[in-house]
Amino acid sequence: MNIDNQLAISAYNNMATNSIINRSKSENDRLLKEQTDAFEAFLVKSVLDIALKDENPLFPKDAGDKIYSSMYNDTMSRALSGNLGFSELLFNFLKERA
């Protein structure tokens, strides 16, 4: 092999490695964002569980009121997650530390 072929192979390998690294970074960012959103949903659900612990007119007292209340809080927490800013703050902090 001559020098030109070696340089071309080396440049191709560097380009392929950079592509893999960039792809894995974006995949890692996506996975990290999912986890920070899930953590924010957990925090919101905890707050909703405490805030709506007392009498809730949406769910009258019956056999399944605690189940419905929990399902409602879970759905609301997932809907609100990622929109309150805590997830983004945590994502940026963890991304900088990595």
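This is a short tour of a predicted model, with a residue or pair to select at each stop.

**Start with the confidence colouring.** Colour the chain by pLDDT. The protein has a mean pLDDT of 77, and 69% of its residues reach 70 or more. Among the elements, helix α3 (residues 86-97) has the highest mean, 90, and α1 the lowest, 75. Where pLDDT is low, the predicted coordinates should not be read in detail.

**Select Leu43.** This residue sits in helix α1, which runs over residues 3-51. Is Leu43 buried or exposed? The answer lies in between: Leu43 is partly exposed, with a relative accessible area of 31%. Now add Phe86 to the selection. Leu43 and Phe86 are 43 residues apart along the chain, and their C-alpha atoms are separated by 9.6 Å.

**Select Ser81.** Look in the loop between α2 (65-80) and α3. Ser81 counts as buried because its relative accessibility is 16%, and the cut-off for buried is under 20%. Which residues does Ser81 touch, apart from its neighbours within four places in sequence? The contacts are Asp37, Glu40 and Ala41.

**Select Asp37 and Lys33.** Asp37, already met as a contact of Ser81, forms a salt bridge with Lys33, with 3.3 Å from N to O. The two residues are 4 apart in helix α1, so about one helical turn separates them. Lys33 is partly exposed, at 28% relative accessible area.

**Select Asp29 and Lys95.** Here the side chains meet in another salt bridge, at 3.2 Å from N to O. Asp29 belongs to helix α1 and Lys95 to helix α3, so this pair ties together parts that lie 66 residues apart in sequence. Both ends are partly exposed: Asp29 has a relative accessible area of 24%, and Lys95 has a relative accessibility of 42%.

**Select Arg78 and Asp74.** Move to helix α2, where these two residues lie 4 apart, about one turn of the helix. Their side chains form a salt bridge of 3.0 Å, N to O. Arg78 counts as exposed at 53% relative accessibility, while Asp74 counts as partly exposed at 30%.

**Finish with Glu27, Arg30 and Glu34.** Select these three together: salt bridges that share partners join them into one network. How many salt bridges does the count come to? The total is 6, and the pairs visited above are among them, including Asp29 with Lys95.

Key: Residues are numbered from 1 along each chain as its sequence is written. This is a predicted model: local features need pLDDT of at least 70, side-chain atom pairs count only at pLDDT 80 or more; totals for chains, interfaces and linings use all residues. Side-chain values use heavy atoms; hydrogens and water are left out. Buried means under 20% relative accessible area, exposed over 50%, partly exposed in between (1.4 Å probe, protein chains only). pLDDT is the predictor's confidence in each residue, from 0 to 100. Contact means heavy atoms within 4.5 Å. A salt bridge is a side-chain nitrogen of Lys or Arg within 4 Å of a carboxyl oxygen of Asp or Glu.
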